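Reader: I should like to work through this structure step by step, with the reasoning set out for each point. May we begin once the structure is shown?

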Amino acid sequence: MRELLFHIIAFKNLPLGVVGGAAIWIILLPLANFVLLGLGKKYLKNIARIFSTVLLFVATIIALNIAYHYFFIDGKVNGVYQTINVYQMHWLSFTETMHVEIGIQLDALSVMMLVVVTFISLMVHLFSLGYMKGEERYCNYFSYLGLFTFSMLGLVVATNLLQLYMCWELVGISSYLLIGFYFQKPSAVAAAKKAFIVTRFADLGLLIGILILSFNTNSFNFQTIIQTLTNTQSSSFISITASSFLGMSTLTWALVLIFIGGAGKSAMLPLHIWLPDAMEGPTPVSALIHAATMVVAGVFLVAKLFAVFAINVTALQLVAFVGIASALFAAIIACTQTDIKRVLAYSTMSQIGYMMFALGVSKYGGEEGLGYSAALFHLFTHAFFKSLLFLCAGAVIHLVHSNEMKDMGGLKKLMPITHIAFLIACLAIAGVPPFAGFFSKEEILSAAYQNNKTIYIIALITSAITAFYMFRLYFSIFWNKPHDSRLTAHHSEGTLTMKLPLIILMVCAATVGFIPFSEFLSSNNQPYHSAINIGFSILPVLLGLGGILLAGILYFKQNNKADKITNSFQVIYKAAYRKFYIDELYLFITKKIIFNCIGKPAAWFDRNIIDGCMNGIASVASFISTSIKNIQSGKVQHYTLYFFAGVAVLLMAVLYVWS
Amino acid sequence: MIELLFHITAFKSLPLGEVGGALTHIIILSTALFFIGMYGLFTRRNMITMLMSIELMLNSVNINFVAFNKYLYPDKMDGIFFSIFIIAIAAAEAAVAIAIIINLYRTHKSIDVDDVTDLKQ
């Protein structure tokens with residue numbers, strides 16, 4: 001404990017091994033939070049919220065300290081950020097060479113993720129102090145948050161694919177618990193089930209992909225896999241690229257399957273259907289899911305294995321096209337939704353799409369790897385402004401007690417801080433300089449411009465749409481019409497703990513864009529300098545401002561222009577409003593095709609053949625037993641008679657055999 | 001019993017032909033005893049009588065043991081020891097059986113086996 005405190009307090013020039021060793025506490029503290037609150041509910045009821053917030057605060061401090069040491073003091077050796085295994089434990093052995101470890105691996109990516117996850121989670125904890133007050137299952141809520149944070153942290157520091165997979169599933173189960181937190185509501189239960197089943201279905205792909213990769217490279221370890229597969233002379237590389245199945249090499253299959261897993265967690269098309277429904281959970285949880293944990297896991301996975309993805313054009317192109325398709329698709333849907341949390345959910349999907357296609361258009365190494373840095377930069381900035389948006393939405397919902405846009409309007413006077421925070425977050429996501437989103441989006445667009453013009457153009461259109469729907473949301477909530485007269489100044493923005501995270505995140509959302517990100521994080525861990533090209537930025541910014549202007553015209557004051565436009569595009573609007581019928585398609589496929597063609601025959605087989613066999617055996621046994629039941633008369637003398645008869649028969653048999 | 005045993009052990013130093021004759025008689029006796037016991041076991045409904053029948057069967061076996069020991073392996077003691085064991089076990093068995101019978105009488109007010117058919121349930 002004393003060492004721990006020492007680690008936290010001493011911002012000194014300690015060797016990274018020592019500071020990095022404290023990383024285990026970042027992981028263990030949320031776990032301790034989960035276990036203690038989960039088991040000691042009775043005793044910790046009153047201090048639960050303070051307890052977990054303090055634990056997470058400590059974890060955040062450690063994470064920041066490690067990041068400081070890693071990036072500024074001794075993470076860099078000869079101009080390359082090192083990958084350091086600070087903790088490793090032998091866990092499972094399969095063969096002599098193949099074994100699984102549990103450990104903590106720090107590289108630039110995971111250190112960045114540690115900071116993001118702990119920081120956003122801390123903000124969510126702070127916000128929840130006020131937001132969840134008076135909830136009956138307050139204690140459970142905080143212990144689930146602990147589990148969620150723990151599993152995501154375990155995921156980002158994983159040393160090998162199996163540890164990653166384990167934490168990946170833990171993320172799934174904790175999201176299930178949190179989405180279904182209000183389990184009295186049937187819709188929450190359905191949403192939780194949907195999220196779990198859809199991501200679980202995608203995880204099957206991930207598992208198979210992991211098995212293929214590790215079977216061919218004889219290792220689960222990230223470093224070993226990357227080293228083996230990037231060495232084009234190695235026998236593993238030759239065997240994995242030479243063999244092919246259905247026209248694609250084994251490597252391509254493995255990467256595509258891994259990407260399916262990532263796409264499921266990151267809500268990429270067509271596995272995104274769980275994301276909007278996941279809004280059934282408490283709003284701070286949505287902030288956590290959408291900003292720091294869960295949905296960015298897919299991006300993290302692709303980034304972690306990027307060196308392998310980079311040698312396979314097919315898989316990388318798939319990533320790019322799925323990413324851009326999701327970005328555009330979600331942006332269009334977001335324009336038509338009326339539930340503010342759903343708008344935000346689709347905007348998350350769209351932004352994650354941005355990150356994915358940025359990875360997809362990237363190449364490996366140096367300046368060529370701009371897309372990689374840009375994707376993670378966007379992940380970083382997005383975490384701040386998206387959690388800010390969700391927490392603001394939480395504050396609004398807390399006040400209005402409704403998720404629907406039509407119940408809101410004119411709230412700017414009632415909630416000045418939320419108003420400013422929401423505005424800054426919207427400007428950031430719309431890519432208006434000098435807010436955070438501008439910088440990361442510019443890098444993504446320039447990476448796309450260099451590699452694929454089609455993707456670039458679609459991304460530009462998407463960014464204009466993004467600006468439009470975000471400001472549609474902003475104007476509808478805070479301007480549009482005078483606020484509901486029943487809401488008075490008594491309905492304040494909530495306690496200090498609810499305002500504080502908004503203010504902190506607001507500052508972050510406004511400023512984190514100035515971090516020269518590519519000097520910390522690049523595809524080959526060699527920092528480089530990327531400059532913003534002013535001339536290049538003009539077009540996207542103008543498009544963004546155009547989107548904002550359009551939203552202003554339509555939604556700044558209450559008018560019927562928006563209705564007129566929707567009426568003239570009835571068909572498209574309806575389709576987008578119904579989310580392009582993807583849910584219906586899924587229902588059709590599952591209910592009509594899978595249930596009828598597979599489920600029903602299976603049920604028939606089960607009921608008639610399997611159960612039939614069982615029933616047959618049972619009825620034969622019961623027939624035999626009823627027919628010999630009468631022998632059991634209960635009369636001792638009958639039994640002795642049988643006994644002697646048996647002995648006599650045996651005797652005769654023995655005599656017959658002997659003679 | 002004792003006279004019977006005495007009677008059997010009294011066949012001393014007889015020539016083989018006579019031994020065979022004596023043995024035959026004894027076997028006939030023991031067989032008769034055994035089947036009398038068995039008949040009693042099957043036909044009597046009174047538990048005490050059934051117990052007595054079982055004793056008869058046990059003793060017929062004892063007779064066989066002693067007789068075979070005496071006439072076939074006179075220099076060994078195995079048969080005699082066996083019969084002593086059986087007598088001891090029979091005593092124990094009688095104690096247990098009588099305890100069971102007393103208990104049955106307490107619960108069923110009868111020691112007639114036909115009244116005690118609860119086993120089948």
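Reader: At what angle do helix α3 and α4 of chain B pack?

Author: This is a predicted model. Two packed helices are described by the angle between their axes and the distance between the axes. For α3(B), residues 47–72, and α4(B), the axes lie 8 Å apart, and the packing angle is about 175°.

Reader: Are α3(B) and α4(B) roughly parallel or antiparallel to each other?

Author: Angles over 145 degrees count as roughly antiparallel. The angle here is about 175°. The two helices α3(B) and α4(B) are therefore roughly antiparallel.

Reader: Which class of residue, by number, makes up 16 in the contact of α3(B) with α4(B)?

Author: The residues in contact include Leu51(B) and Phe65(B) of α3(B), and Ile87(B) and Ala94(B) of α4(B). By class, four residues of this contact are polar, two are charged and 16 are nonpolar.

Reader: How many of the 31 residues of α4(B) are buried?

Author: Helix α4(B) covers residues 78–108 and reaches 43 Å from its first C-alpha to its last, close to the 45 Å expected. The helix lies largely in the open, because the number of its residues that are buried is one.

Reader: Which helix of chain A gives the most to the largest nonpolar core?

Author: The largest nonpolar core has 219 residues, and Leu388(A) is one of those with the most contacts inside it. Among the residues that Leu388(A) touches are Ala425(A) and Ala509(A). The helix that gives the most to this core, with 21 residues, is α19 of chain A, residues 370–400.

Technical notes: Residues are numbered from 1 along each chain as its sequence is written. Chains are lettered from A and ligands numbered from 1 in the order in which they are written. This is a predicted model: local features need pLDDT of at least 70, side-chain atom pairs count only at pLDDT 80 or more; totals for chains, interfaces and linings use all residues. Helices (H or I, at least four residues) and strands (E, at least two) are DSSP runs, numbered from the N terminus. The expected span of a helix is 1.5 Å times one less than its number of residues. A residue is buried if 20 or more other C-beta atoms lie within 10 Å of its own, exposed if 12 or fewer, and partly exposed in between; C-beta atoms are placed from the backbone. A nonpolar core is a set of buried Ala, Val, Leu, Ile, Met, Phe, Trp, Tyr and Cys residues joined through C-beta atoms within 7 Å. Two residues are in contact if their C-beta atoms, placed from the backbone, lie within 7 Å. Axes are lines fitted to C-alpha atoms, for helices over the stretch in contact, and angles run from 0 to 180 degrees between N-to-C directions. Angles under 35 degrees count as roughly parallel, over 145 as roughly antiparallel, 65 to 115 as roughly perpendicular and the rest as oblique. Ala, Val, Leu, Ile, Met, Phe, Trp, Tyr, Cys and Pro count as nonpolar, Asp, Glu, Lys and Arg as charged, and the others, Gly among them, as polar. Lists of a residue's contacts leave out its neighbours within four places in sequence.
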